[in-house]
Amino acid sequence: MVFLWLGTGLQSVALAQGRPSLGRTDRLMEMAKTSIANSEYEKANYYFRQIIESSASIPPEMPYYFAETLYELKQYDNSSKFLSKYLEINGFKAENYEAAKALENKLKAPLEAIASCKLCDTKGYRYQACPTCHGKKVIEQDCSLCKGRGIVGCSRCKATGIVTKKNVFNITEYYQCTRCKGEGRLTCPRCDGSLKEVSACHTCSGFGEVHSEELCDHQEHHEHTTAEPEVH
Ligand SMILES: [Zn+2]
Ligand SMILES: [Zn+2]
Ligand SMILES: [Zn+2]
Ligand SMILES: [Zn+2]
C-alpha cells in the first residue's frame, strides 16, 4: 500500500516480490554512500555490486555514485560506462548532473592514457607475459601425428611395404611400395622426424601475453618486460 504512489513498472515488480527487496536496496545504497563519504571505496564497490546482483530495480542515482566509486578505484573504463548510462537515463535533470559532468571531464585524461598505452588492455589492466609460453606465442609438444616416434605407417601399402595389383590374367602380383620403398613406414610428415610439434599457445591464443589483475601505470618496468631472456 505504502508503495503504490511509485507507480512505475519496475517498482511494481519489486512490490510484487515483496517489500524487503526494496528496503534492502535502499539500505545498501545508504551503506554505499556512507562508505564513499568515508573514502572506503572498496566497501562501496561491494555494496553497489550487491545491488546489481539482486533482482531489485536499480535506484536512479546509483549509476552516478557507482561511477564515482569506480573512478576512485581506478577502474576508469567501467566508471565511464556507468556514467554514460547515468546521463543517458537521467539527462540534465539528474540530481547529480553537475557532478556527473565534472566526473566525465576528470575521466578524459586517464581514458586517453589507457587508449594510447600498449602495456595494458582497454580496461587499463596490464598485460603480462603468458605463463605457459613465456611470451613466445607458441608451445612445443610431442608431435601428435607420430606421438613422438618420428615415423608413421605408410598409408599406400598399409604399412606392409607391399602393394598388390591384378594383372591381365586376373592374377595378383606383388610389388614393392614405391612410396616407402618397401619399408612400410615413412618419416613423419608433420614433424619431419624432429618428434616435436610447434603450435599456437592455448593459454594466450598465440598472443604471447595475458591480462593481469594489475592496474597499469603506463610505464615500462624493465624487470618485468617480455623481452627478458628465458633461461629455463
Ligand atoms: Zn602463451
Ligand atoms: Zn608404403
Ligand atoms: Zn611427427
Ligand atoms: Zn597502460
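**Notebook: loops and the S4–S5 hairpin**

I looked up Lys158 and found it exposed, with 12 other C-beta atoms within 10 Å. I note that this is a predicted model. The cut-off explains the assignment: a residue counts as exposed if 12 or fewer such atoms lie within 10 Å.

I then located Lys158 in the loop between strand S3 (151–153) and strand S4 (162–166). Its backbone caught my attention, as Lys158 has a positive phi of about 50 degrees although it is not a glycine.

I next checked Lys137, another non-glycine residue with a positive phi, here about 70 degrees. I placed Lys137 in the loop that links strand S1 (125–129) to strand S2 (138–142). Is Lys137 buried, exposed or partly exposed? I recorded Lys137 as partly exposed, because 15 other C-beta atoms lie within 10 Å, and a residue is partly exposed when its count falls between the limits of 12 or fewer for exposed and 20 or more for buried.

I turned to the pairing of S4 with S5. The two strands run antiparallel and are joined by five bridges. Within this pair, I found Val163 opposite Tyr175 of S5. The hairpin of S4 and S5 has five residues between the strands, and Asn170 in this hairpin adopts a positive phi near 60 degrees.

How many residues of strand S5 are buried? I counted zero among the five residues of S5 (172–176), so by the criterion of 20 or more C-beta atoms within 10 Å none of them is buried. I therefore entered S5 as hardly covered.

Key. Residues are numbered from 1 along each chain as its sequence is written. Chains are lettered from A and ligands numbered from 1 in the order in which they are written. This is a predicted model: local features need pLDDT of at least 70, side-chain atom pairs count only at pLDDT 80 or more; totals for chains, interfaces and linings use all residues. Helices (H or I, at least four residues) and strands (E, at least two) are DSSP runs, numbered from the N terminus. Two strands pair if DSSP finds at least two bridges between them.
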